[in-house]
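Here's a quick tour for anyone opening this one up for the first time. Take a look, then read on.

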Amino acid sequence: MDKPQEQRKPKAPRATRWLAVDAWIDSTLYESGFKARETWESITIFFRRFRVSGWRRGLVELGSEGFTLGTVGAIIMVALAMPAFEETSKDWRSQGDYAVTFLDRYGNEIGQRGIIQRDSVPVDELPDHVIKAVLATEDRRFFEHFGIDFIGLARAMSENVRANSVVQGGSTITQQLAKNLFLTNERSMERKIKEAYLALWLEWNLSKKEILQLYLDRAYMGGGTFGIAAAADFYFDKGVKEVNLAEAAMLAGLFKAPGNYAPHINLPAARGRANVVLTNMVESGFMTEGQVLSARLHPATSVDRGSRDSPDYFLDWAFEEVKKIAPRDGPHALVARTTIDLNLQEAAEEALEFNLRQHGQAYRVSEGALVLLENNGAVRAIVGGSDYGKSQFNRATKAQRQTGSSFKTYVYTAAMEAGFTPESVISDAPINWGGWSPRNYGRGYAGRVTLSSALIRSLNTVPVRLAKDHLGIPAIVEETKAMGVESELNGHKTMVLGTSGMTVMDQATGYLTLSSGGFVGMRHGITQLLTHSGNVVYDFTRDAPEPRRTVSEQAMRSMNSILVQVPETGTARRAALEGIRAAGKTGTTQAYRDAWFVGFTGNYTAAVWLGNDDYTSTRNMTGGSVPAMVWQRLMTNAHSNVELKPIPGIENPFPDAPSEDAVASAEQSEDGADGAEELPTVLSARTTRLLLDLSRAFQDAPAIQAPGTPETLSSL
């Protein structure tokens, strides 16, 4: 008998299963939404207890908006301050632990840099009147605030409004230390925000005594000295522990503006400032009028140090060079023989100061910098600004400023290396490069022109066409670096017209390659480093790499044959030297923010920049105006009583007489439109020196005695 077949349960249809899943999802979503609404209603009912109306609601809304805006502002301020905080990760306490005494090219001592431990006196060992003089003048509430003194700031603002001028500053000692350690003297809101945050950071990480110690040791005190102990030794020839109240007041007065109140330069101003310090001590309650009376009646007198200023911008740069070349495992107390020539340094400072004084207001320009190199590579002068006492920021070696048309020299050098010649013809016509359409200064076009004519007239479309169609940006960057430029180039196509920032030192170094015959690696500021016992630890002729050719002789000759025509018939006619052949190139940036002239003779190479620290525009100042005049005044002085050398590759060592057609065409080019402008008539450097010598001769001449009388004419 067969087994009955097992009965099987029928399977549920597939559609039924999907319906069940759908029903579960719907019910779950409904329940979740219902519970969410219940929860939200409970929260709403709870917060209704805190609801306000009427005038209270207005206060709440105002507070809410204020909190929102405050949060956004705090985020922005923190974002601005973040780059500054990166500086705190470095070894900011150390100054490189080198102690260097510097000598000029003739062996005369010119200054010191670095921390010399015997000059740093602990705060606890300083006389009480020294500390009181500093605090009364710089930060009366130093031991009461947390880095930012809002009460002192309000008091300073009140005094300034009352006097209708800036008579008091609101920065605390901590803020000033933050600026000295981490920042520059740039006047901007960004720097002030960074300064405030860094002041808070210093207060959090250091004690008040440590902050005051660093401030007294690091502040610039004039005369090339840093720190109050070094200043006491320099000005009074005594240790800071031995200074009296009158001397302490004079030292405390230097923190504000050492260039204006240095007693070896301007003793009356220093005494006037010291009297203000004594008044501050009385007003702050640190001393009584009776205690300071003797110091008022018997003001301090500094020792005679002569009136020649210390070449501080050069010393700052040379100190950094020492740290690069000194043996790491060798002694750190060194004597450095440098290349500076103090006569040329003084001439460089005078050339810049004279032209800023004569033309600064008319052109709305306040700052300048220059570097002078001998064509053997020796750095003879550095001027990093108009006043080291006011700003120690070295614009000659640290400021990255757009170069304008002075960069075209590097573009044309790359073209000469690529096989072009001064007579090669390129079209000066409208050009478009990826949406960028540069135009010439005069808005016109010259058609087909030679490279020589294009550079002399500073046409813009020609170097752009060279870069776009023949050279390429990488080749130009490579050539510029090969000529010794260390500044980081942006590599953008607009770079060919000078939109990339460079330092004045780099400009001088780059043009030195052409003035030296095509060689790089010659620039130097230190000839020897010695120990105090006389052992030579570095010698430039022995230890420095050999100069190497980076510009071919053919390219160098071609470039120099063009550049010598720029001061003669081109955009730099104000740089022309009487009887001396010169070469160079002007540069003017967008909106007249920067103006350059970089040029050379057979003896010297110099780069000059003028502009404003805040990047505001000048009043139509071009490279062919004031910069060219600064260069001309300096070079006229530098070539006095020296053997003239020819420019490499130039057969005729004397300037050619410019033709009228060449001058007329140059006036339509960049900087040329400014060339015809009449400027105030000024005396030449030679005439100025002659008049000064005559004045001294009359002053030093003995009195003339009248015949037959015992009196002299000077007593009549």
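Which residue is the bridge partner of V335 in strand 11? That partner is L530. Keep in mind that what you're looking at is a predicted model.

## The mixed sheet

V335 and L530 are a handy way into an open sheet of 5 strands. Its strand order is 2-1-3-11-12, and the pairing is mixed. Out at the edges you'll find strand 2 (109–114) and strand 12 (536–539), each of which pairs on one side only. Going from one strand to the next, the twist averages 20°.

Strand 3, covering residues 333–338, pairs with strand 11 in the antiparallel sense, and 5 bridges hold that pairing. There's a helix packed on this sheet too: helix 13 (residues 312–325) touches strand 1 (99–103), strand 2, strand 3, strand 11 and strand 12. Its direction makes about 60° with that of strand 2.

## A closer look at Q528

Strand 11 spans residues 526–531, and Q528 sits in it. The side chain of Q528 makes a polar contact of 2.9 Å with the side chain of D539.

Who else does Q528 touch? Setting aside neighbours within four places in sequence, Q528 is in contact with V335, A336, R337, V536, Y538 and D539.

## The antiparallel sheet

Now for another open sheet of 5 strands, this one in the order 5-4-16-15-14 with antiparallel pairing. Strand 5 (379–383) and strand 14 (583–588) are the edge strands, each pairing on one side only. Here the twist averages 5° from one strand to the next.

Inside this sheet, strand 4 (residues 367–374) and strand 16 (residues 604–611) run antiparallel and are joined by 8 bridges. To spot the pairing, find E367, which stands opposite G611 in strand 16. Helix 19 lies across strand 4, strand 5, strand 14, strand 15 (594–600) and strand 16, and it runs at about 30° to strand 4.

## A cavity beside helix 19

How many cavities of 30 Å³ or more turn up in a search of the whole structure? The search finds 1. The largest cavity has a volume of about 30 Å³. The elements giving two or more residues to its lining are helix 19 (504–515) and strand 10 (519–520), with helix 19 giving the most, at 3 residues.

The full lining is M483, T509, L512, T513, F519, V520, G521, M522 and R523. Sorted by class, that's 5 nonpolar, 3 polar and 1 charged residues.

Technical notes: Residues numbered from 1 in each chain as written. Predicted model: local features only at pLDDT ≥ 70, side-chain atom pairs only at ≥ 80, totals over all residues. Heavy atoms only, no water. Helix = DSSP H or I, 4+ residues; strand = E, 2+ residues; numbered from the N terminus. Polar contact = N/O pair within 3.5 Å; in protein donor to acceptor, adjacent residues only side chain to side chain. Contact = heavy atoms within 4.5 Å. 1 Å grid on protein atoms, 1.4 Å probe; cavity = no way out; pocket = protein on both sides within 12 Å on 5 of 7 lines; lining within 4 Å. Points joined across faces, edges and corners; volume = space filled by probe spheres on them. Nonpolar A, V, L, I, M, F, W, Y, C, P; charged D, E, K, R; others polar. Pairing = 2+ DSSP bridges. Axes fitted to C-alpha atoms, helices over the stretch in contact; angles between N-to-C directions.
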